[in-house]
Structures are given as C-alpha cells and as structure tokens.
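The following exercises practise reading a protein model step by step. Please attempt each task before turning to its solution.

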Amino acid sequence: MKYTRLGSTGLEISALTLGCMSFGIPDRGGHAWTLDEAASRDLIREALEAGINFYDTANVYSDGTSEEITGRALADFSSREEVVIATKVHGRMRPGPNGAGLSRAAIMTEIDASLRRLGTDYVDLYQIHRWDYETPIEETMEALHDIVKAGKARYIGASSMYTWQFAQANHVAELNGWTPFASMQPHYNLIYREEEREMLPYCDDQGIGVIPWSPLARGKLTREWDTSTSRSETDEFGQVLYRDEDRAIVETVARIAEQRGLPRAQVALAWVSAQPVVSSPIVGVTKAQHLRDALASLEVTLGDEEIAALEKPYEPHRIAGHR
C-alpha cells in the first residue's frame, strides 16, 4: 500500500479510502445494495489486510448502522491507532427541531452519537456533509473548533459545496483563531470534472487534502452505459448526477481498458489517483472484486496519450452533488 499525507497535515493516509456507505442494516434506512454485517466485515478485513488505513462513513448511512458495523469491525481487526476514521454530520437523524443541520446544538449532539456508534473516543476526521443555509457559518466553525479542542475530533473536513462557501468557512476560522478545514470531499471523476474550475485549484493553493467521492461515477465507468443494476434502478440521487452525453467518456474508458487488458475500474480509478491534488479517492465496494480492482489501480500508470483521450470527450455539466 502507498501512503500519503492528508493535504498539508501530518496525518498519513492510504492512497485509497474505503467508503462505508454500502455497509449497514438494510431495513434501517439502507439501500437495495446495502450489505449486512457479515458481508461488510469480510470486506473491511480484506481492506485492512491490504494496508488501507482510511475509512469514511457518515451518521446518516443506513440510519447510523454503517458507523456501528464499521466501528465494530475496525475494533475487532485492528488497533485504534492504526486506522484513520472519518464520519460526517448534516443529514437528518431524527424528526423535529435540531435533528439535522450544522447548528451548535446539532453538531454537539451528533458527534457524541457518532462516537458511541463507532465505539471510539475520537474520530480522526469530522466532516460537514453539506452546507447548511440556515445556520451562520460562524456558529458551525466555532462548534467544530470546540469539538477538536475537546479531543473528540483531530481534524475537520467538508464535502461538496461551492468554493466560495468553503473559502468563506476557512476565512471565518482564520479570523477567529479556530480550526480550519483540512480536507474537501468533492464529487469528482472522469464524467464529472466541474471541481477542476475552482475547488481543486483552491485546495491545491491552500494545502487542503482532496478525497473525492464517487470516483467511478457510481459504477457507470465500469460497465456498458445502458447496463442496469440494483443500485442504478433504485439510486434516486445517482440518477440526477449523470446524463446520456457522458456515454462517450465511458466508451473511451472501455477502449483503453481493452487495449491495456485491464478492467475498466482500474483505468478510471488510475486517472483519478493521478491527479496531483487528489490525496485518496473514496471507493465504495459491495464485492471483493471491487476492492481488488481498486487496489490494483494503484499500480496502473496511464500514458499522456491515454490521459488526453480520456479527458477529450468531457463537456461542461450543471452542478451535481450539492445545491
């Protein structure tokens, strides 16, 4: 396994992050593709054995059961100091006031709930899952800073938002002497590259780690465009992310994969990992082969002509993944 730093921090992370959204109890807010605990544990153990030390989940994944399963497996198969655990806050966890969002009340409640589910005293990276338009960013950043100072999180990060929002949040932290964001988790892959316009250059300039979600475009880069899966049929969020015009990119991945004698997933992931600003793409897996392809992609080096061919069909998209 190759290891790198999370942006300009001293935190060492594996070159791949295991995304844990597919782990959970299916009837607890899960999806058709959600794995039960036994199957989840097998994949987590194999990831650990391969040297992956970075695990990303969220409080909303399968109504908190992703955190529970991930926490138990990591405790059983590793030592706490050997792994980097990341989770997120923002989504609704219960009905009624203060059950969602990034208010001080919500954040302070949800960090403790996540720690209980994960079975740990701290998380290495605590991330805001989306921007909260109803809460002043000063309130959010101070609450996150207090969590760090209380020892409940070691670093803080954010996920998909506009670059001006991310910059504003870090500016507020700087003005007040609070903890800044160490990482950004953007929507980024060969099909969706809008983050190259502002977010990735900003992160590069500021030394912020980049851990992209959906580097395989929810599997669309790994199969024929019209192939239907249980996830593609039921993933409402995924259905609004991509469009028929992206077919040409998928076909280019297929052509280069065939020429190289490689699975498509390895080619598409190798492209993401090769981007200089990317610290560690987040790979979600439901089968052992998914994990093995992701690991093998770290050994794939794409040539300049291959990279140019993969990037050529791209056309601008509307913002997808946040509002």
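Two strands are said to pair if DSSP finds at least two bridges between them. The structure shown is a predicted model.

**Exercise 1. Determine how strand 3 and strand 4 are related, and place them in their sheet.**

Solution.
Step 1. Strand 3 (residues 17–19) and strand 4 are joined by three bridges. Pairing requires at least two bridges, so the two strands pair, and they do so in the parallel sense.
Step 2. One bridge can be located by its residues: Leu 18 has Tyr 55 of strand 4 as its bridge partner.
Step 3. The open sheet consists of eight strands with parallel pairing, in the order 9-8-7-6-5-4-3-10. Its edges are strand 9 and strand 10 (282–284), each of which pairs on one side only.

**Exercise 2. Check whether the length of helix 3 agrees with the expected span, and describe its surroundings.**

Solution.
Step 1. Helix 3 covers residues 104–118, which is 15 residues. The expected span is 1.5 Å times one less than the number of residues, which gives 21 Å for helix 3.
Step 2. The end C-alpha atoms of helix 3 are 21 Å apart, in agreement with the expected value.
Step 3. The buried residues of helix 3 include Ala 106, Ile 107, Glu 110, Ile 111 and Ser 114. The buried residues pack against helix 2 (65–77), strand 5 (84–89), strand 6 (123–128) and helix 4 (137–149).
Step 4. After helix 3 comes Gly 119, with a positive phi near 70 degrees.

**Exercise 3. Decide whether Asn 53 is buried or exposed, and identify what its side chain reaches.**

Solution.
Step 1. Asn 53 lies in the loop between helix 1 (37–49) and strand 4 (54–56).
Step 2. The relative accessible area of Asn 53 is 10%. Buried means under 20%, so Asn 53 is buried.
Step 3. The side chain of Asn 53 reaches the backbone nitrogen of Ser 14 at 2.7 Å and the backbone oxygen of Glu 12 at 3.2 Å.
Step 4. Beyond its neighbours within four places in sequence, Asn 53 also contacts other residues, including Tyr 3, Glu 82 and Val 84.

**Exercise 4. Compare the phi values and accessibility of Asp 63 and Ser 214.**

Solution.
Step 1. Most residues other than glycine have a negative phi.
Step 2. Asp 63 has a positive phi near 55 degrees, and Ser 214 has a positive phi of about 55 degrees.
Step 3. Asp 63 is in the loop between strand 4 and helix 2, whereas Ser 214 is in the loop between strand 9 (209–210) and helix 7 (230–234).
Step 4. Asp 63 is partly exposed at 32% relative accessibility, while Ser 214 is buried at 12%.

Methods
Residues numbered from 1 in each chain as written. Predicted model: local features only at pLDDT ≥ 70, side-chain atom pairs only at ≥ 80, totals over all residues. Heavy atoms only, no water. Helix = DSSP H or I, 4+ residues; strand = E, 2+ residues; numbered from the N terminus. Buried < 20%, exposed > 50% of the residue type's maximum accessible area, 1.4 Å probe, protein only. Contact = heavy atoms within 4.5 Å. Polar contact = N/O pair within 3.5 Å; in protein donor to acceptor, adjacent residues only side chain to side chain.
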